[in-house]
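Dear colleague,

Please find the structure below, handed over for your consideration. My notes on it follow directly after.

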Amino acid sequence: MRVIIQENYDKVCQWAANYIAGKINGHKEERPFVLGLPTGSSQLGLYKELVKKYENGEVSFENVVTFNMDEYLGLPREHPQSYWTYMHENLFNHVNIPEENTNILNGMTDDPEGECERYEEKIASYGGVDLFVGGIGVDGHLAFNEPFTSLTSRTGVRTLTDDTRIANSRFFDYDPEKVPEKALSVGIGTVTDAKEVLILISGHNKARALAATVEGNVSMKWTCSALQLHNGAIISCDEDACGELMVDNYKYFLALEKEERL
Ligand code: GLP
């Protein structure tokens with residue numbers, strides 16, 4: 001696992017945007033580049049950077065197909081807090097991705113299991129995900145795979161923990177009760193099947209989750225720890241998020257990635 005520590009959040013996003021654009025530009029096959037995408041405040045800076053790159057002619061999304069990680073169950077896509085709205089407001093409306101190339105689980109489906117099965121099949125029909133980009137929750141969840149979700153799970157229905165509903169209540173009038181109880185989410189296995197995984201982690205409140213991802217035991221308690229079993233996982237993080245890493249490990253990662261520090 002590569003751990004790339006940047007001075008601050010802006011640099012985390014710039015590094016990640018450069019990496020993603022480099023992968024899209026380096027994709028010379030006719031089949032589209034398949035990109036897994038997250039939502040959350042940690043990704044806002046990343047999407048700003050990607051839009052900037054598109055506007056500067058540094059990257060094109062014409063031959064990119066995206067699969068979003070998750071969506072709240074029971075929120076119509078027009079809801080201001082749906083991940084459909086988030087993706088359109090922050091990325092899709094500002095770049096040249098064809099609408100039919102974007103995939104987001106339908107939170108209003110009356111057949112959640114079928115919806116999730118079809119999502120997996122559609123990912124497979126493209127030959128799998130080339131690069132899955134993600135963030136993590138304070139409790140270490142990857143997509144909406146809360147603690148004790150199987151590390152081989154596939155796309156399915158997830159029940160949010162109280163911690164997550166409290167954390168996400170900032171988008172729902174600070175009322176955890178207004179945060180949907182369930183979500184549709186790709187599984188940990190869906191993410192780790194991708195050829196590469198890039199996770200952005202920023203801020204003091206993610207320090208325990210980062211330490212669990214990098215130094216902890218592989219365990220369902222911290223679903224992010226499954227990344228240790230992936231052969232192409234990269235963590236792009238800021239110094240604030242490194243507060244719980246052992247000092248020696250922190251120094252080792254810095255030394256290994258000296259050239260990658262912006
Ligand atoms: C939500 C999403 C996750 C995301 C997490 C962290 O719970 N389902 O995919 O990683 O939020 O978000 P933030 O970056 O806002 O802390």
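I begin with a polar contact: the side chain of S153 reaches the backbone nitrogen of I188 at 3.0 Å. A polar contact here is a pair of N or O atoms within 3.5 Å; within protein, one must be able to donate a hydrogen and the other to accept it, and residues adjacent in sequence count only if both atoms are side-chain atoms.

The model is a predicted one, in which local features need pLDDT of at least 70 and side-chain atom pairs count only at pLDDT 80 or more, while totals for chains, interfaces and linings use all residues. Residues are numbered from 1 along each chain as its sequence is written, and side-chain values use heavy atoms, with hydrogens and water left out.

S153 is situated in the loop between β6 (131-134) and β7 (156-159). Helices (H or I, at least four residues) and strands (E, at least two) are DSSP runs, numbered from the N terminus. S153 counts as buried because its relative accessible area is 11%; the classes are buried under 20%, exposed over 50% and partly exposed in between (1.4 Å probe, protein chains only). T152 belongs to the loop between β6 and β7, but T152 is exposed, at 61% relative accessible area. The C-alpha atoms of T152 and T192 are 8.6 Å apart, with their positions 40 residues apart along the chain.

A241 occupies the loop between β10 (233-238) and α8 (247-256). With a relative accessible area of 1%, A241 is buried. From C-alpha to C-alpha, A241 and V197 are 18 Å apart in space, and they are 44 residues apart in sequence.

Turning to charged side chains, the whole structure holds 15 salt bridges, each defined as a side-chain nitrogen of Lys or Arg within 4 Å of a carboxyl oxygen of Asp or Glu. One of them joins R2 and E260, at 3.7 Å from N to O. This pair links distant parts of the chain, as R2 lies in strand β1 (residues 2-6) and E260 in the segment after α8, 258 residues apart. R2 is partly exposed, at 29% relative accessible area, and E260 is likewise partly exposed at 29%.

A salt bridge also connects E196 with K23, whose closest N and O atoms are 3.1 Å apart. Here too the pair links distant parts of the chain: E196 is in strand β9 (residues 196-201) and K23 in helix α1 (residues 9-26), 173 residues apart. E196 is buried at 17% relative accessibility, whereas K23 is partly exposed at 31%.

K53 and E58 form a further salt bridge, at 3.2 Å from N to O. K53 is buried, at 11% relative accessibility, and E58 is partly exposed, at 39%. In addition, E29, R31, D130 and K195 are joined into one network by salt bridges that share partners.

Finally, D162, D163, E177 and E181 form a negative surface patch. Patch members have over 30% relative accessible area and no salt bridge, with like charges joined within 9 Å. E181 sits in the loop between α5 (162-168) and β8 (182-185), and E181 counts as exposed because its relative accessibility is 53%.

Yours sincerely

Methods:
Patches are made of residues with over 30% relative accessible area and no salt bridge: like charges are joined within 9 Å, nonpolar side chains (Val, Leu, Ile, Met, Phe, Trp, Tyr) within 5 Å. Accessible areas come from the Shrake-Rupley method with a 1.4 Å probe; for residues, only the protein chains shown count as cover. Lys and Arg count as positive and Asp and Glu as negative; His and the chain ends are not counted. The place of a charge is taken as NZ of Lys, CZ of Arg, CG of Asp or CD of Glu.
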